[in-house]
Amino acid sequence: MAVTGFILFFYVVAHMVGNLKIFFGETAFDSYARWLRAMGSAVLGESGVLWTIRIVLLVSVLLHMTAAIQLARRARAARPSGYRHRPPVQGGYAARTMRWGGVIIALFVIYHVLDLTVGWLNPHGVPEEPFLNVTSGFQQWWVVLIYTVAILALGLHVRHGVWSALRSLGTVRASHGPLARTVALVVAVALTAGYLSVPYAVLFGLVE
Amino acid sequence: MRYDEGEPLVDRAAPDGPLETRWERARFGTRLVNPANRRRLRVIVVGTGLAGASAAATLGELGYRVSSFCYQDSPRRAHSIAAQGGINAAKNYRNDGDSVYRLFYDTVKGGDFRARESNVYRLAEISTAIIDQCVAQGVPFAREYGGLLDTRSFGGAQVSRTFYARGQTGQQLLLGAYQALSRQIAAGTVTMHPRTEMLDLVVVDGRARGVVIRDLVTGEVSTHTADAVVLATGGYGNVFHLSTNAKGCNATAIWRAHRRGALFANPCYTQIHPTCIPVSGDHQSKLTLMSESLRNDGRVWVPVDPDERRAPGDIPAEDRDYYLERTYPSFGNLVPRDIASRAAKKVCDDGRGVGPGGLGVYLDFADAIDRLGREAVETRYGNLFEMYQRITGEDPYQVPMRIYPAVHYTMGGLWVDYDLQSTIPGLFVIGEANFSDHGANRLGASALMQGLADGYFVLPNTIAGYLADGPFPEVTDAHPDLVAARSDVEERVRRLLSVEGDRTVDSFHRELGSLLWDHCGMERTEEGLRHALERIPELRAEFWRRVRVPGSGEGLNQSLERAGRVADFLELAELLCLDALHRTESCGGHFRAESQTPDGEALRRDDEFAYVAAWEYTGTGTPPLLRRESLTFEHVEPTQRSYQ
Amino acid sequence: MRFTVRVWRQTGSEDAGRLVEYDVDDVSPDMSFLEMLDVLNERLTLRGEEPVAFDHDCREGICGMCGLTINGVAHGPRRATTTCQLHMREFTDGDTIVVEPWRAAPFPVVRDLVVDRGALDEVVRAGGYVSVSTGSAPEAHATPVARADADKAFESAACIGCGACVAACPNGSAMLFTAAKVTHLGRLPQGAPERDTRALDMLAAHDEAGFGGCTNTGECTAVCPKGIPLADIAQFNQDVLRASLRGAGGRPA
């Protein structure tokens, strides 16, 4: 869970940084997209690296989901009969939303691929023109809404996930608990802000 | 109630010769059991406190087949866990003049010269090995910055020999023993039976051969046989209803063994601890001890005027009576437990007590906070203050604590010889359940020491001498003695359930407790004891006439469990008062108002009472036999205590 | 004070169980929660009804026997406090209080509020000890232990084994309990030789007992009466990881 989580986390960070290219204009953004495909082509051919990344990601997502399902099933087996008086949250809210948050994110990723990678659901939908795909999409309020919900779920997921993964890997010294918590929070907030900056910039016409 | 004089009692296992080598020679003189034979020998250990868990674990390590029983849901919960203060050991790490001999001397003296010198010396000698053993098990004792073990002086001792793990020494030592026991359970040498209660002892051909057990979950009554039975079932303090013992602590195992022929020694030696949180009302179910260390910095006082109405903080110094400092200028607030307890009772009897019912005295930290600062006080006692506030809802940093004495420990118990064997061959008794090493009063931090000494080191050696004759002939399920013991138990359970009266078990327990507390508590008089001895049989008869035990014998029935225990307390209480009545001297935890010095101190009478009073059962309501084991002191000259 | 207490009643493991409502009046704020139940039980007994079964023993917060889920919170509303040390003054006069047992598959209900926590003992038996037989110990001062290590070991050793962590965990995990023992012994030089096998064996026993997996929700430490920190679980994970990387197999069965 922790290992695949980290792989996905690093991808999500890189993806977010890439997104910010949009603020440098259409040409920069599109050439960045082209570079992604050309990257490492000398060795692995056109889109070779990109496909490698995609395969690693797919495997990670599958393993991540498998582990999550196993944990959820064990949890259900460990408490077949629940409390009649539902316990209020004692720990963190982020921790309690990992499972539903994960489902939201998974659904969003499917939509996201169909929207911006394949282009089927995109109003513009020309794979070679990512800038226009993005800007045309985010001019629809409901696209922005879907995006916002997903990113907030992602933020919470990362907030608990990063912290929890550090613990699961045992890499946190006991005394560093509060520090790890802060780091996870900062990373989650930065990620959320970074991702949300694009749709809202488009929606409010800062990027055209 | 009368008693009859029986034959004098002699400890046939008592060693002689030089004190220092008695234990070593006794061990050498004990027959051994061949390791291959140990597998064929079965031992039952009842109770999983410090003594029981350490004994069961050690016997398992030696290769015997052990069955262990406890009434709790896990062996880790026995009441040894609640001991706060620490454990004594004559390590002399502080270079402050401690030695095995000094610990021996202090214990004999602290016990007011009513313990056997040989036993006490052995205890002091073994004390050091206990610390080694516990450290190796991973008990996290307090340490100094150099990484070595820290010690403190405890209960007025002049040397610093008490090892501790914050205020949870008992917990940590018990977990060490529990872990050792767990290892043996995993290894298959010990079979654990949690949530079971021993309701009778099986004696076959004069030997203890098994126990009758009630499974507390299913209600099933069954018998278990073995080559020897070890009782480690703790003290009988709950006969007083309110005590610092756990709710489940009971005397049933030792009382049933007593009824089967084991002598009960010195039942009147009970220890009352001065610093407990006072009773807050009729609903009170138990009393909570606060570490005696509080008296190091707290000052004990009551208002001078019984009609004082002001809040404690508003009472000026001249209207306060710091009665311990006034009466005992050299020891002040640090006088021994029994003196502090009795002094508190006296001021409360004078009508100057504070808090609900006037049963409490102030333990004030205002001066300590002024002198040391709040922070220093917090470092030393923070957890205790917190506990006090949790229970009383009062902040001891602002308002003085209120304390009152409570029953804490019972020095009396089943009589055992030097080998810890009772008068029934094959029945061994260890820890608080026996009477042995503390005499008439126990030193602070010595209970843990005795429990572990018995369980880890004494019993596993001495029991071999008995088991060397085993295995004994198989006792089949159809054996008439086994069948009889089992049907006795079943009959008793049926009787308890069939009374269907109009009073709850707890109401009887409460009434018995207050009767004992009033007449056989901190101060005992002939008149009061006679009254109690008259009232107890009446109460017992009423119990069997009017008790209401709801539910059935099948399945978990906590009322039934309590009823059986209270029924036994109603018998034991009578012997307790009788012993107190017959001992017309004051000694240790037993203070007879008729036997005091002109200035109100305990007056011991060695010429008449330097003996162990071991009582033999002859039937409920019939006079028991008093068997005296005389005590001789060759090494420590008996002296009268003085704390003036 | 007066309360409406809704208590879980269940005659045994076969019974489905249900919440039954009782009115308890004349409650003193100085009563402990268990004393309030004592009062209820006395009244039930005199009315000819069966009293409520609940576990308790020392009533001073150290034996770990008591444990009730009160209004959905293990050990009730006051932090770092066992049920037996919770007092009625923490509640408001007239409150409705829901009392349930610990709920977890490895803790089957015995009766009413009493559950069987034997699974925790099984976890300890898998390796929660130092293998040192009586008499074989070296002199206590042979191995100094840094005070910080001793203090940290103590902090973890303070666990009372009540099972509140399991009761509170949305996953029904006993990782805090297990980690506390692993951290306690692993922190001391005496426990070092078995550190690898202990971590692996105890984890295996934990999973085998049917406890859920840890997702670091932190609910356990929030209700722990002894404040065992969540960091112990990180330490436990580290021990498990290191033991696995070293190829330390579990102890042969």
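A residue counts as buried when 20 or more other C-beta atoms lie within 10 Å of its own. Keep that cut-off in mind for B:A563, which is buried because it has 27 C-beta neighbours inside 10 Å. This is a predicted model, and the briefing below walks through its chain contacts, its domains, a helix trio in chain C and, at the end, the surroundings of B:A563. Among the two pairs of chains that touch, chains B and C share the most contacts.

**How the chains meet**

- The contact between chains B and C takes 61 residues from chain B and 64 residues from chain C.
- On the chain B side, the elements that give two or more residues are α3 (50-62), α5 (117-137), α6 (169-187), α11 (374-392) and α16 (558-582).
- Of these, α6(B) provides the largest share of the side that touches chain C, with nine residues.
- Sorted by class, that side of chain B holds 21 nonpolar, 26 polar and 14 charged residues.
- Chain C also touches chain A, in a contact made of 29 residues from chain A and 35 residues from chain C.
- On the chain A side, at least two residues each come from α4 (48-78), α5 (93-96) and α8 (141-168).
- The largest share there belongs to α4(A), which gives five residues.
- The side of chain A that touches chain C divides into 13 nonpolar, ten polar and six charged residues.
- Chains A and B are not joined by any contact, and their closest C-alpha atoms are 19 Å apart.

**Chain B: annotation and domains**

- An unreviewed UniProt entry carries the annotation "domain: FAD-dependent oxidoreductase 2 FAD-binding" for residues 43-448 of chain B.
- Across residues 43-448 of chain B, the chain is 29% helix and 20% strand, with 23 Å between the end C-alpha atoms.
- The domain assignment of chain B, in turn, gives domain 1 (273-408) and domain 2 (480-609).
- Taken over C-alpha atoms, the centres of domain 1 of chain B and domain 2 of chain B are separated by 30 Å.
- Five residues of domain 1 of chain B contact five residues of domain 2 of chain B.
- Helix α9 (residues 337-349) of chain B gives the most to the domain 1 side of this contact, with four residues.
- That domain 1 side has one nonpolar, one polar and three charged residues.

**Chain C: two domains**

- Chain C is split into domain 1 (3-111) and domain 2 (117-245).
- Their C-alpha centres are 29 Å apart.
- In the contact between them, 18 residues of domain 1 of chain C meet 17 residues of domain 2 of chain C.
- The domain 1 side of that contact in chain C comprises ten nonpolar, seven polar and one charged residues.

**Chain C: helices α5, α6 and α8**

- Two packed helices are described by the angle between their axes and the distance between the axes.
- Helix α5 (residues 175-186) and helix α6 (residues 195-208) of chain C have axes that come within 10 Å and cross at roughly 170°.
- Angles over 145 degrees count as roughly antiparallel, so α5(C) is roughly antiparallel to α6(C).
- From α5(C), the residues C:T178, C:K181, C:V182, C:L185 and C:G186 meet C:R195, C:R198, C:A199, C:M202, C:L203 and C:H206 of α6(C).
- This contact of α5(C) with α6(C) is made of five nonpolar, three polar and three charged residues.
- Helix α6(C) also packs with helix α8 (residues 231-245) of chain C, at an angle of about 110° and with the axes 9 Å apart.
- Angles from 65 to 115 degrees count as roughly perpendicular, so α6(C) is roughly perpendicular to α8(C).
- Here C:R195, C:D196, C:A199, C:L200 and C:L203 of α6(C) meet C:F236, C:D239, C:V240 and C:A243 of α8(C).
- The contact of α6(C) with α8(C) has six nonpolar and three charged residues, with no polar ones.

**A closer look at B:A563**

- B:A563 is located in helix α16 of chain B.
- Apart from neighbours within four places in sequence, B:A563 contacts B:L496, B:V505, B:V547 and B:V549.
- The C-alpha atom of B:A563 is 9.0 Å from that of B:H509, and the two residues are 54 residues apart along the chain.

Terms used:
Residues numbered from 1 in each chain as written. Chains lettered and ligands numbered in written order. Predicted model: local features only at pLDDT ≥ 70, side-chain atom pairs only at ≥ 80, totals over all residues. UniProt positions renumbered as here; feature names shortened; annotations may be inferred. Domains from an automatic or database assignment. Contact = placed C-beta atoms within 7 Å. Nonpolar A, V, L, I, M, F, W, Y, C, P; charged D, E, K, R; others polar. Axes fitted to C-alpha atoms, helices over the stretch in contact; angles between N-to-C directions. Parallel < 35°, antiparallel > 145°, perpendicular 65-115°, else oblique. Buried ≥ 20, exposed ≤ 12 C-beta atoms within 10 Å, placed from the backbone.
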